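Biologist: I'm new to reading structures, and I'd like to learn how to do it one feature at a time. Could you walk me through one?

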Amino acid sequence: MAVGKLTFTKAEREKLAEVLWLLNWISVLTGAILISLGVFLKVEIQKWQEVMSDQGILYVPNTLITTGLAACCINFLGGKICLDCADTNKFLRWKLVMMPYVICTFFFTSCVLAGALMCYSIRSQLEESIFLGLRNTMRFYKDTDTPGRCYLKKTLDLLQIQFECCGNTGYRDWFHVQWISNRYLDMTSSIVVDRLRSNVEGRYLMDGVPFSCCSTLSPRPCIQQQISNSSAHFNYNQQSQQLNLWRRGCRQALMDHYTGIMQSIGLTVLLIWLFELLVLTGVRYLQTAMENVIRLGDPDSESDGWILENSLAETARSNFNIIKNLGKCYQIDDDPNINVPTASAEQEVPSRGVHIPVTS
Amino acid sequence: MALMLVKFDLKKRVKLAQTVWFMYWFAVMAGVLVFSMGLFFKIELRKRSELMDNNESHFLPNLLIFMGLIACGINAFGGKVCYDSLDPSKFAKWKPMLKNFLVFCVVFNALLFVTALLCFVMRIPLQFTLAEGLRSGMKFYKDTDTPGRCYMKRTLDQMQMEFRCCGNDNYRDWFEIQWVSNRYLDFSAKEVKDRIGSNVDGQYLMDGVPFSCCNPSSPRPCIQFQMTNNTAHYSYDHYTEELNVWNRGCREALLSYYGGLMNTIGALVLLVTMLEIGVTIGLQYVDSSLSTLVNPDDPESESEGWILEKTVKETFTDIMDKMKAMGKGSKVEEGEAAVATVS
């Protein structure tokens, strides 16, 4: 019992071939869109790569780019094939390629689906990466003289200014990090020495934040030092404290930014996947219809097209048997084509006379 | 002796009409481009109109928008005429107005050229507007409680961070104005009273800048206050410290941004002008080649095409004579009317 059986007349086959040619060309365009989405995502991730600890996230845009390239090539070939399929003679050229082409398209379509699902599933890995990356960047903020870390201050400042955020979870993260380098601390001053002695690791901690945490919405000039001490500043009321610095943490800000991008990309890739599935179904119908026409012998007759020749269970069983038998290459038993010499073969078998009736 | 005479047969005429029609479609897109550039420039000016004292002139972007719209209209019409020129019956209905249309096109091209020149020239008034606007903008930095000026602090901060600049000419401009509001000054403190007493206007001046002047590329945390006092900070010399705050003035930064924008727009409008001149010449050739058919009833006959029917000098004297005749014609009418009234 075939799956999805449809009957096609000659005119319908030709129409199907034309429509599929057009759809394949549109698919080349969607392949180009896929490539550009991958490139865009890659550029966006690489912009803030320094504040992420794990570089493995780049496999998502790389998958999208490779799948896009594959889409362009496969659909370009498919367009050529479908154009030739309208005519039975030209189809014979492509007959042997058709089945592998359909299988390749099927695999590539599942890659597109995998790419779309990856965009949604990578969220937790991204969050972990950003959390660790930001923590390290804040620790190395002061190391502007260490090669390899000298640009972290600039990157973090620009991040906090652009995304309007402060610290990892909030501005208090800066209170636990020494963000002023020892080069700029006067070690002879008693204040500095007291602070350094006040904690176990000998770090210069203070309740102050870098200038990039300052909020532009604040009505008063930014208060960066002695933030938790309300008596240190004149008229430092609750509202001043609320508006003074950015309240959002940079981890949350970056997550929102990337989640937004990836959700849009994921949705677009899902739509592209549905379109590719449609094209794949059309090509499969065209392939089976053309093969049946050739089998029937008459190029003008009607023919059947289907998705699977037998039901799903039977096809699965036969494919499984093929795979099983691939491993049995060198085993001789039960293959009827191999001549196994037995003892009785040595006896002569008398030839039987052929009785030809004589017609009179 | 016509200017740039070219002989045409049917094939050449068809080729000409097709080419000019194609060029007209490019010209329509060029008109859309001019329109969108004018719109973009207008939006950019409006975005920062607070920094220009709400006083900036929108003449240039409005002119660009207007010219872009007219260009679209003219070019669409010209394209239609070229398309119809292949069919003698359809072309006949456009024929009478074609001469006036071409004159209008020439005038329009001249105006487009003037617009391009204006793009390069309008930089100078913009410079003065920006200088005035920034100076008063900085004065109102502290007035976040005054309606109408409460966004000035935010605008200035965002501008200084975006354009990487500080103050009007440089960061010292902030030393000359009071940018901390009195609401946040403790008037009972001795230090505050000293500072206010130290100058004639009773302003709280200090050698400090707002946080938006800070340069993220600086290797040390930003020094905003007591900038000229080397002893206030460890290992600090304000003469050699270059990376601490932005060195550029915001007037210069904004001017180079808008200047660059206007130069680009001017260059593009010049290119569009050249395209427009090209299509006008093309249309003139189409018109002249279809009016000089050797055998008017046979569309396949040969013809000639030109830019001007006579030489430049003769055309010029013709135009002058026509204008003089028009002037005399009105005088003669007046004279007759006067004679009539007298008698």
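Biologist: Let me start with a single residue: leaving aside its neighbours within four places in sequence, which residues is T292(B) in contact with?

Modeller: Keep in mind that this is a predicted model. To read contacts, skip the close sequence neighbours and see who is left. For T292(B), that leaves E302(B), S303(B), E304(B) and W306(B).

Biologist: Where does T292(B) sit in chain B?

Modeller: Look for the helix or strand on either side. T292(B) is in the loop between α7 (250-291) and β2 (303-305) of chain B.

Biologist: And which polar partners does the side chain of T292(B) have?

Modeller: Here you look for backbone oxygens by the side chain. One belongs to E304(B), which the side chain of T292(B) reaches at 2.7 Å. Another is the backbone oxygen of S288(B), 3.1 Å from a polar atom of that side chain.

Biologist: Why is T292(B) called partly exposed?

Modeller: Because its relative accessibility is 22%, and the partly exposed class runs between 20% and 50%. For a sense of distance, try P221(B) too: it is 71 residues from T292(B) along the chain, and their C-alpha atoms are 81 Å apart.

Biologist: Let's try chain A. Is T30(A) buried or exposed?

Modeller: Same approach, other class. T30(A) is buried, because its relative accessible area is 13% and buried means under 20%. You'll find T30(A) in helix α1 (residues 10-47) of chain A.

Biologist: What does T30(A) touch?

Modeller: Not counting residues up to four places away in sequence, T30(A) touches I272(A), F275(A) and E276(A). There's a polar contact as well: the side chain of T30(A) reaches the backbone oxygen of S27(A) at 2.7 Å.

Biologist: Now backbone angles. Which residues have a positive phi although they are not glycines?

Modeller: Check the sign of phi, then the residue type. Q226(A) has a phi of about 50° and is not a glycine. N235(A), also not a glycine, has a phi of about 60°.

Biologist: Where are Q226(A) and N235(A) found?

Modeller: Q226(A) is in the loop between α6 (190-197) and α7 (238-244) of chain A, and N235(A) lies in the loop between α6 and α7 of chain A as well. Q226(A) counts as partly exposed because its relative accessibility is 39%. N235(A) is partly exposed too, at 37%.

Biologist: Let's zoom out. How is chain A divided into domains?

Modeller: A domain can be made of separate stretches of sequence, so read the plus signs carefully. Chain A has domain 1 (3-138 + 252-308) and domain 2 (171-232 + 239-247). Their centres, taken over C-alpha atoms, are 53 Å apart. In chain B, the assignment gives domain 1 (6-138 + 255-307) and domain 2 (171-246), with 53 Å between the centres.

Biologist: How many residues of each chain are in contact with the other chain?

Modeller: Start with the counts, then go to area. 25 residues of chain B are in contact with 25 residues of chain A. Together the chains bury about 2300 Å², with 67% of it on carbon and sulfur atoms. Y184(B), F211(B) and P216(B) supply 28% of the area that chain B buries against chain A, more than any other three residues.

Biologist: What classes of residue are on the side of chain B that touches chain A?

Modeller: That side has 12 nonpolar, 7 polar and 6 charged residues. Across the interface of chain B and chain A, the rule finds 0 salt bridges, but 6 residue pairs in polar contact.

Terms used: Residues are numbered from 1 along each chain as its sequence is written. Chains are lettered from A and ligands numbered from 1 in the order in which they are written. This is a predicted model: local features need pLDDT of at least 70, side-chain atom pairs count only at pLDDT 80 or more; totals for chains, interfaces and linings use all residues. Side-chain values use heavy atoms; hydrogens and water are left out. Domain bounds come from an automatic or database domain assignment. Helices (H or I, at least four residues) and strands (E, at least two) are DSSP runs, numbered from the N terminus. Buried means under 20% relative accessible area, exposed over 50%, partly exposed in between (1.4 Å probe, protein chains only). Contact means heavy atoms within 4.5 Å. Buried area is the accessible area (1.4 Å probe) that two parts lose on being put together, summed over both. A salt bridge is a side-chain nitrogen of Lys or Arg within 4 Å of a carboxyl oxygen of Asp or Glu. A polar contact is a pair of N or O atoms within 3.5 Å; within protein, one must be able to donate a hydrogen and the other to accept it, and residues adjacent in sequence count only if both atoms are side-chain atoms. Ala, Val, Leu, Ile, Met, Phe, Trp, Tyr, Cys and Pro count as nonpolar, Asp, Glu, Lys and Arg as charged, and the others, Gly among them, as polar.
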